[in-house]
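Please open the model in a viewer and keep the selection panel at hand. The tour below proceeds from one selection to the next.

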2 protein chains.
Amino acid sequence: MTNFSVSEENYIKSIYHLQQDTHTVNTNSLAVEMNTKPASVTDMLKKLKQKKILQYEKYKGFRLNENGKKIALTVVRKHRLWEFFLANNLGFEWDKVHAIAEELEHISSQELIQKLDNYLGNPSFDPHGDPIPDKHGNIPHLKQRCLAIAPINKTLIVSSVTNQTAEMLDMLKHYKIKIGSSLKIIRHFTFDGSMEIRLLKNAACVISDPVAKNVFVHYD
Amino acid sequence: MTNFSVSEENYIKSIYHLQQDTHTVNTNSLAVEMNTKPASVTDMLKKLKQKKILQYEKYKGFRLNENGKKIALTVVRKHRLWEFFLANNLGFEWDKVHAIAEELEHISSQELIQKLDNYLGNPSFDPHGDPIPDKHGNIPHLKQRCLAIAPINKTLIVSSVTNQTAEMLDMLKHYKIKIGSSLKIIRHFTFDGSMEIRLLKNAACVISDPVAKNVFVHYD
DNA sequence: AATTATTTTTAGATTTGTCTAAAATATATT
DNA sequence: AATATATTTTAGACAAATCTAAAAATAATT
């Protein structure tokens, strides 16, 4: 497998994230995503095409081929494992880990990542609730949806929180809700959209609709 | 404090290591140390002088000033803390940690290093026995010398091993000698320069002069 | 369909870090 | 001290990654 520069890895990762929803990515959106200029993107696209990572025809958009996706997944895996380490072992807050993991994800040693993975206990989700690909690039795939519309009376596992402002984190801390928390929805109140929930072995409590809208859960 | 590139940090670190013994470093030896060409060294020297990190007069050698030393020490600190983490927590062998730490030492976050230091229990020596500077750049300073010429009948602590070939490591494993081991020299044999030693709560044993020459110890 | 607006690419410049080959300086030797 | 040798620096080139400004292609609008 060819060797990729930090810059190339960053492009590959961004293309991977963008092509999830849409089927083909365009130059401008990648330039925005990467905080760079469209001309720079075009330069890099040519390089990545030459390295047989990218499906790309001039003026017609582009997307990663299977090879490219594989590389993207190794970078994503490294990023999320480091995020887990930073939050879980070093005690960083969720909102601080991303920037540091952006640097750590480019450390090249395969052996390091394998040992780190084992050291951390082969976690499946990072502190933001995003799934961590395994060493083969397989992504753990549970149903995930917004708590506001999740099923009642089923065991739900908090998987991610979209609004990560200090105010929101403060609120969640008060309710003792964190990534990995187990909870059930007991009932909805139609008056204001709030809901009564019960966290595993805690008393029931009521959370507002705006809170529930930003909390995502897994279940099977 | 200015920001330094990976390449600049590597030059600073190498100059730091070279200026320990000699008082002024010369272009060729730095080029050898860094596996590069003398012309490239000169280019970088100009840059580092401009950044007020370096005492440097054309053709007359160079050395880091106080600012430069401070920067070198932060890089050395990061390198050795990561080495400790790799060996102690992830289970890497001594001889594998250096190459990976060469990459990790350039991760920029100060907060990361402070938290890592605490997580590791603020260790004083890395897996090679080299001292880890603290956050102020202070280096723990014990007497260190070659086991072959260390004092008899004093408690010595194995601090580093210079020859780290597989053969040597194998031999040390057999004798159960590792970094941090406590031992005493019981007597020397003049016939072949070998010595009888006793490791804490182990039976005494005899090690050859070539082995002793590559083992370094601390004592007070 | 023709024109306008948007998006994308090209051409050429810039910065960082490196190199080779030649020139300048310092050191060693006779 | 003069010459030879070794070391260091300069000059100019190159690759990677970026940029600006202009040209080319595509999409939208009248």
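**The surface near DNA strand C**

Begin by selecting DNA strand C: 20 residues surround it, the closest being Tyr56(A), Lys58(A), Ser5(B), Ser40(B) and Lys47(B); a residue counts as near a strand if one of its heavy atoms lies within 4 Å of it. This is a predicted model, in which local features need pLDDT of at least 70 and side-chain atom pairs count only at pLDDT 80 or more, while totals for chains, interfaces and linings use all residues. Residues are numbered from 1 along each chain as its sequence is written, chains are lettered from A and ligands numbered from 1 in the order in which they are written, and side-chain values use heavy atoms, without hydrogens and water.

Next, colour strand C by atom group: of its atoms within 4 Å of the protein, 77% belong to sugar or phosphate and the rest to bases.

Now select three side chains in turn.

- Ser5(B): a side-chain N or O atom is 2.5 Å from a phosphate oxygen of strand C.
- Thr42(A): a polar side-chain atom lies 3.0 Å from a phosphate oxygen of strand C.
- Asp43(B): a side-chain N or O atom is 3.2 Å from a base nitrogen of strand C.

To this surface, two or more residues each are given by helix 2 (27-34) and helix 3 (38-50) of chain A, and by helix 1 (6-19) and helix 3 (38-50) of chain B; helices are DSSP runs (H or I, at least four residues), numbered from the N terminus.

**Trp82(A)**

Finally, select Trp82(A). Beyond its neighbours within four places in sequence, its contacts (heavy atoms within 4.5 Å) are Ala101(A), Leu104(A), Glu105(A), Leu112(A), Ile113(A), Leu116(A), Trp82(B) and Leu104(B).

How values were computed
Polar contact = N/O pair within 3.5 Å; in protein donor to acceptor, adjacent residues only side chain to side chain.
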